[in-house]
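Open the model in your viewer and keep the sequence panel visible. The tour below goes stop by stop, with a selection to make at each one.

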Amino acid sequence: MYISLAFIWPTNKTIPSNGVTHSNCSMFWLYYPTGIAVDSMGNVYIASYFCNWVTKWAPNATSGTVIAGSPLGISGSNSQSLYIPYALALNESNSFIYVTDRYNHRIQRFALNGTGPGVTVAGGNGAGVTANQLYAPTDVFLSRIDGSVYIADTSNNRIQKWQRNATFGITVAGNPHGIAGQAPYLLNKTYSIAIDYEEQYLYVSDSNNNRIQRFLLP
């Protein structure tokens, strides 16, 4: 049995409100939540690792609604399915949410209202190290400047930038061929990323090297 809670600070409000313990998928509780995003209206979007979906919880709601993935919690690889979703990124101005679809090795974009299929904006060509592939990505950042997505390409030990409508990515940190290492220009399991407001610097959680690396973005 697992306790899966999410918190909104600073009010210490819990989602779901009673913080119950469960070990299956439901709209009334969370089970292995991973990614989280909050919009300007206070809606909370939550990726669930084992439920293969993204749910939306309105302020003070006692249940969520599925906006991406299977309502049955079943994994899949088609345009409406997810397989171990991780991180989320919001684009409120265009009403989109971006999801790291980890074991489908892709980044999917869905409408925030939960209608229509997902669109693959990066990867989706199987696990691999070529420029048009990803390998078990875990984080995504959406550029406010040009709409590019930056991706923690975890098992390739690199950070990829996919410009809008691109069919391949560009390595902006780590080795483009997926080689891991401890040198300042190499990475080993890149789990999370952050970019400053001006989008000049990229920060990477270099997990297996036990460090945070900062890179100047081109």
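Is Cys-51 buried or exposed? Select Cys-51 and turn on the surface. Cys-51 is buried, because its relative accessible area is 2%, under the 20% cut-off for that class. Bear in mind throughout that this is a predicted model.

**Stop 1: the whole chain**

Zoom out and show the cartoon. The protein has 19 strands and 0 helices. Its C-alpha trace spans about 45 × 35 × 35 Å along the principal axes. The radius of gyration is 17 Å, which agrees with the value near 17 Å for a compact globule of 218 residues.

Now color by accessibility. Of the 218 residues, 49% count as buried. The protein exposes about 10600 Å², and 52% of that area comes from carbon and sulfur atoms.

Next, color by charge. There are 12 positive and 10 negative charges, and their mean positions lie 4 Å apart.

Contacts are worth a look too. Take those in the protein with a separation of 6 or more: residues 24 or more positions apart account for 38% of them.

**Stop 2: the disulfide**

Go back to Cys-51 and add Cys-25. The two form a disulfide, with their sulfur atoms 2.0 Å apart. The pair links distant parts of the chain, 26 residues apart. Cys-25 sits in the loop between β4 (21–22) and β5 (33–38). Cys-51 sits in the loop between β6 (44–48) and β7 (53–57). A search of the whole structure finds 1 disulfide.

Which hand does the disulfide of Cys-25 and Cys-51 have? Set a dihedral about the S-S bond. The torsion is about -105 degrees, so the disulfide is left-handed.

Compare the surface at each end. Cys-25 is partly exposed, with a relative accessible area of 31%, whereas Cys-51 is buried at 2%.

**Stop 3: Tyr-31**

Select Tyr-31. It lies in the loop between β4 and β5. Cys-25 belongs to the loop between β4 and β5 as well. Tyr-31 is buried, because its relative accessible area is 12%, and the limit for buried is 20%.

Now draw a distance from Tyr-31 to Glu-198. Their C-alpha atoms are separated by 36 Å. Along the chain, the two residues are 167 residues apart.

**Stop 4: Gln-80**

Select Gln-80, in the loop between β8 (65–69) and β9. Gln-80 is partly exposed, with a relative accessible area of 49%.

What is Gln-80 in contact with, leaving aside its neighbours within four places in sequence? Show Gly-69, Ser-70 and Pro-117: these are its contacts.

Add Gly-118. Gln-80 and Gly-118 are 38 residues apart along the chain, yet their C-alpha atoms are separated by 5.5 Å.

**Stop 5: two positive phi angles**

Select Ser-95, in the loop between β9 (85–91) and β10 (96–101). Ser-95 is not a glycine, but its phi is positive, about 60 degrees. It counts as partly exposed, at 39% relative accessibility.

Finish at Lys-189. Find it in the loop between β16 (170–174) and β17 (190–195). Here phi is about 70 degrees, again positive in a residue that is not a glycine. Lys-189 counts as partly exposed, at 25% relative accessibility.

Methods
Residues are numbered from 1 along each chain as its sequence is written. This is a predicted model: local features need pLDDT of at least 70, side-chain atom pairs count only at pLDDT 80 or more; totals for chains, interfaces and linings use all residues. Side-chain values use heavy atoms; hydrogens and water are left out. Helices (H or I, at least four residues) and strands (E, at least two) are DSSP runs, numbered from the N terminus. The radius of gyration is taken over C-alpha atoms; the globule rule is 2.2 Å times the number of residues to the power 0.38. Buried means under 20% relative accessible area, exposed over 50%, partly exposed in between (1.4 Å probe, protein chains only). Contact means heavy atoms within 4.5 Å. Accessible areas come from the Shrake-Rupley method with a 1.4 Å probe; for residues, only the protein chains shown count as cover. Lys and Arg count as positive and Asp and Glu as negative; His and the chain ends are not counted. The place of a charge is taken as NZ of Lys, CZ of Arg, CG of Asp or CD of Glu. A disulfide is a pair of cysteine sulfur atoms within 2.5 Å.
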